[in-house]
Amino acid sequence: MSKKRTGVFVCHCGTNIAATVDVAKVAREMSGEDTVAFTQEYVYMCSEPGQESVVQSIKDNKLDSIVVTCCSPNLHEKTFRDNAQRAGINNFTCEIANIREQCSWVHADKAKGTEKAIKISRSVVRRVNRNLPMDAVKVAVTRRAMVIGGGIAGIQAALDIANAGIEVILVEKQATIGGRMLQLSETFPTLDCSQCVLSPKMVEVNRHPNIRLMTYSEVKEVAGSVGNFRVKVHKRSSFVDPDKCKICDHCTEVCPVVVPNEYELGLTSRRAIYIPYAQAIPASFTLDEDACLGLNPIRCGKCKDVCEAGAIDYDMRPVTTTEEVGAIVVATGFDLYGPENMPELGGGRVEDVLDGLQFERLISASGATKGHILRPSDHKEPKDVVFIQCAGSRDPAKHCAYCSKICCMYTAKHARLYKKHVPDGRAYVFYIDIRSGGKGYEEFVQRTMEDDDTLYLRGRVSKLYRKGGKVRVMGTDTLTGQNVEIDADMVVLALAMTPSKGTMEIAKTLKIGRDKDGFLAEAHPKLRPVESVTGGIYLAGAAQAPKDIPETVAQAGAAAAKVIALLSQATLSRSPLIAKVRRSHCTGCGMCVEACPFIAIRLEGGKAVVNEALCEGCGSCSATCLRAAIDVKNVTQMQIHEMIEACLA
Amino acid sequence: MINLKDIRETARDMLAKGEARAVIGYRRGSRGMLAEPAFLTKPEEADELVWDPTCFHNLSLYLVHDRKHLAHAGKNSGGAPVAIIAKGCDARSIVVLMQEHYFKREDVYIIGVSCEGTGVVDERKLATHLNGVQASNAAFDGDDFVFTTAEGEKRIPAREVMADRCLECRSPYPKEHNLVFGEDKTGRQLEAPFAALDRFEAQGAGERWENWARHFDRCIRCFACRSVCPMCYCDECVVDSITFPVTTETTADEKASRIRWIERSAARSENITYLMTRAMHLAGRCTDCGECDRACPVNVPIRLLNNKMEKEAREQFGFEPGASIGGPSLVASFLDKDPGEFIR
């Protein structure tokens, strides 16, 4: 093997690197390396002239490999690998040495920073010396998408993708699509009825020729990668054939089981056989197996007796199917922060203390009280209502550190709607500050304060408890510096938004990352906000971060655009940097099989075998193997060893 | 109380009926009181078997050797299983080996022996206790050991001369077995788990380092610890490329890239790398049979290193090495309840 001719390109990144690292010295040191034939430094290597000079230098100096010492490979590995290819050398002989995020940004001392930058650069030069040229693997793309979650985010994403002529499978855990938005009464800032805007979209989903709807279904397992996922979907048995069900309601009349109604957030009850709400899609009743008196053996059987349409089938079984899709949108939404976590606000055990969603149901025309505001304890109209913002939000010491973003707006909406229903009532709002950025938002809050005469109190509530048929709310008005005590008829908590339980589960199933708060992590906070860190999996809606409906719809559209762009390609390039087994060293212990998050390794004849179509080159196997019997290409044991040596030298 | 006759009877029977192609057990050594590993292939040899407080050896090592011999001969199986006498810790080692697919359950017939209320003797503790007097025989008797010496019979409460690992042992009963002798005294606790380690760790960092530096300096890298360990079954140990196996599948590139993770000299830095790497590679696999510690000719307390890993794994992940054949491995498995939020 003749000696490598490596070029080293040191980037200043303006002063981002150059302020803490003596870049000229790094370049000088690298030129002393045995395999380095050329070095260059430049103020912005990723700029047009910077990139051009990389290409030109490769050609002029007959370089066969390059190391760009700059920022994280996450940002510009592709940029410079493309340049390598443009200059006529193999793109996998280009590596990035990150001297910004892991060096200049975290150090202050220039001498030490320079020393570290030299070590990092040298280690990568040594690694590149053993890089092998490789060709990207072309794989065909499955032109079908899956959207997980049938709330407004999932509905929008599914419609946008389907309208581009791409088949979509929409998977929803509940018996109907619609999600949280379906539970809302009116929406800010225009106060249009939530169901009125959502229902047509739900119907459209149901009728769309390109959308296959799978309700009462959950994603159980995902294999494969971008362009070719295989998803196992488990459809629970609803015991009712939606095509036959006439929604006549006769079954609920005879069903003897009464359980809390989830859709009404426990404010009302439903039967074991039920329809989540009148306009449910699919329009069909569902038999809740867990609530039913018993199906095997049949304990009651009354519903089937009265069903004239013959839609009820007690022998219906759950079905697990495997769907092949090229891209996935995760839109699994949010839950509210559990009030049981907040003993200071009653811990969820004080009567007439509701959460925001329950209040939505209470004021909704389709809700339990048909839109009349009556408090749960005695069904009387509450005259003093206290709204508490930031319940669980913005409290890093005890609860969630982040701002849930929508509570300022919906609390203002709640107060307005309350005053509309109960004109002689008094509304109080405890707030920390008002965050009403958004088109028409600030004006909306102002109108609530001024036109609707809602009393905004700047401060937190320290305690609330039941006292004499009322809820005593003890708080502080920090503007006047006085303690405030209100005997309220009803209290509404604007509880923090948290990732839904389903979101946490799906993150594990899809192996996509979550952030510190549990929301799905985006690939880049600014430049890739709708992509997960895993290729081909996109994010939409409140599963990624708290957001309101317009933002959710916008993100869903963006995710759909990404999916459409991806699935418009006939083939995709897959990285050839995957795991390779050294059969001579493999003892077949199977630890790599267990460690592989992509189910890409199996044991065959007592040795590990890598499925090249599934391997993502993450290196978990290599790190686990006690016998150095499995390497990731271009990150071999030898290369790691030489990198460590370069760092320790 | 285990009746030796029963063990011998079982071995004889199995060999006579061809139910085992060999029985691995213990017999009286050629000198002194110590037992040594015995490999029986004929029924009449069964009377050689012994069971006493000097049956230290983790015989599962020889199952590994057997596998290697079979592989060398190009055979997958030797037909009938090998029967093996296994204490609690030994049986756990066998479980780990099966977890790692080193052999199958049907390849081995585990004749479990419970250590009941005692365990094996620590020769160093015994030498101190007997004040230089040599013992020619050792026997279990309830919670005591009885030693035969020139000065007559010495009865010593077992816990005074038992190995640390046996004092700390939580499960002196081989849970995985085909047949078992002795009472199940799981949960007996003569000393707190990790007591010796805790005593060591009670020192300050400086003192600990001084101690370890002394031990690491002393190591002669004879690799006795590795040779005696059933878990160290790799053909090529990552710490030395001397045993690099060259097969028809070995490529020129592989030959050229033999990595020397440590140098040959028995210097402190190299010894540290060796012993630490070994401890890391035994994390979740070491069942605390203590054989490395016993085999060390220069008294490096190797057990403490492995024990530290075991303690961490237990405290962090509730992990018990060798708990079940189908169970997860420590380093390759990931559970939701694992600590370390960053990884999610």
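How many residues of chain A are in contact with how many residues of chain B? In this predicted model, 20 residues of chain A are in contact with 20 residues of chain B.

**The side of chain A that touches chain B**

Begin by selecting helix 14 (591–595) and helix 16 of chain A, the elements that give two or more residues to the side of chain A touching chain B. By class, that side holds seven nonpolar, eight polar and five charged residues.

Next, isolate helix 16 of chain A, which covers residues 637–648. Its twelve residues reach 16 Å from the first C-alpha to the last, close to the 16 Å expected at 1.5 Å a residue. Display the side chains of Gln637(A), Gln639(A), Glu642(A) and Met643(A), which are the buried residues of helix 16 of chain A. To find what they pack against, add helix 4 (110–129) and strand 36 (630–632) of chain A to the selection.

**Chain B as a whole**

Now hide chain A and show chain B, which contains 13 helices and eight strands. Its C-alpha trace spans about 60 × 50 × 45 Å along the principal axes. The radius of gyration of chain B is 21 Å, which agrees with the value near 20 Å that a compact globule of 344 residues would have. Of the 344 residues, 39% count as buried. Among contacts in chain B with a separation of 6 or more, 69% join residues 24 or more positions apart.

**The five-stranded sheet**

Select the strands of the open sheet of chain B, whose order is 2-1-3-4-8 and whose pairing is mixed. Strand 2 (35–40) and strand 8 (179–181) of chain B stand at the edges; each has a single partner strand, so one side of each is left without a neighbour in the sheet. From one strand to the next, the twist averages 25°.

At the edge formed by strand 8 of chain B, add strand 4 (residues 108–113) of chain B: these two strands pair in the parallel sense over three bridges. Label Ile111(B) and Leu179(B), the latter being the bridge partner of Ile111(B) in strand 8 of chain B.

**Helices against the sheet**

Which strands of chain B does helix 1 (residues 4–17) lie across? Helix 1 of chain B lies across strand 1 (22–28), strand 2, strand 3 (82–86), strand 4 and strand 8 of chain B, and runs at about 145° to strand 1 of chain B. Then select helix 3 of chain B, which lies across strand 3 and strand 4 of chain B at about 155° to strand 4 of chain B.

Keep helix 3 (residues 88–99) of chain B in view and add helix 2 (residues 60–72) of chain B; the two pack at an angle of about 30°, their axes being 9 Å apart. From helix 2 of chain B, Ser60(B), Leu63(B) and Val64(B) meet Asp90(B), Ser93(B), Ile94(B) and Leu97(B) of helix 3 of chain B. The residues of this contact divide into four nonpolar, two polar and one charged.

**The last stop: Arg165(B)**

Finally, centre the view on Arg165(B), in helix 6 (residues 164–168) of chain B. Is Arg165(B) buried or exposed? Arg165(B) counts as buried because 23 C-beta neighbours lie inside 10 Å, where 20 or more are required. Beyond residues up to four places away in sequence, Arg165(B) touches Asp288(B), Gly290(B) and Arg303(B). Draw a distance from the C-alpha atom of Arg165(B) to that of Cys89(B): the separation is 9.6 Å, although the two residues are 76 residues apart along the chain.

Note on methods
Residues are numbered from 1 along each chain as its sequence is written. Chains are lettered from A and ligands numbered from 1 in the order in which they are written. This is a predicted model: local features need pLDDT of at least 70, side-chain atom pairs count only at pLDDT 80 or more; totals for chains, interfaces and linings use all residues. Helices (H or I, at least four residues) and strands (E, at least two) are DSSP runs, numbered from the N terminus. A residue is buried if 20 or more other C-beta atoms lie within 10 Å of its own, exposed if 12 or fewer, and partly exposed in between; C-beta atoms are placed from the backbone. Two residues are in contact if their C-beta atoms, placed from the backbone, lie within 7 Å. The expected span of a helix is 1.5 Å times one less than its number of residues. Ala, Val, Leu, Ile, Met, Phe, Trp, Tyr, Cys and Pro count as nonpolar, Asp, Glu, Lys and Arg as charged, and the others, Gly among them, as polar. Axes are lines fitted to C-alpha atoms, for helices over the stretch in contact, and angles run from 0 to 180 degrees between N-to-C directions. Two strands pair if DSSP finds at least two bridges between them. The radius of gyration is taken over C-alpha atoms; the globule rule is 2.2 Å times the number of residues to the power 0.38.
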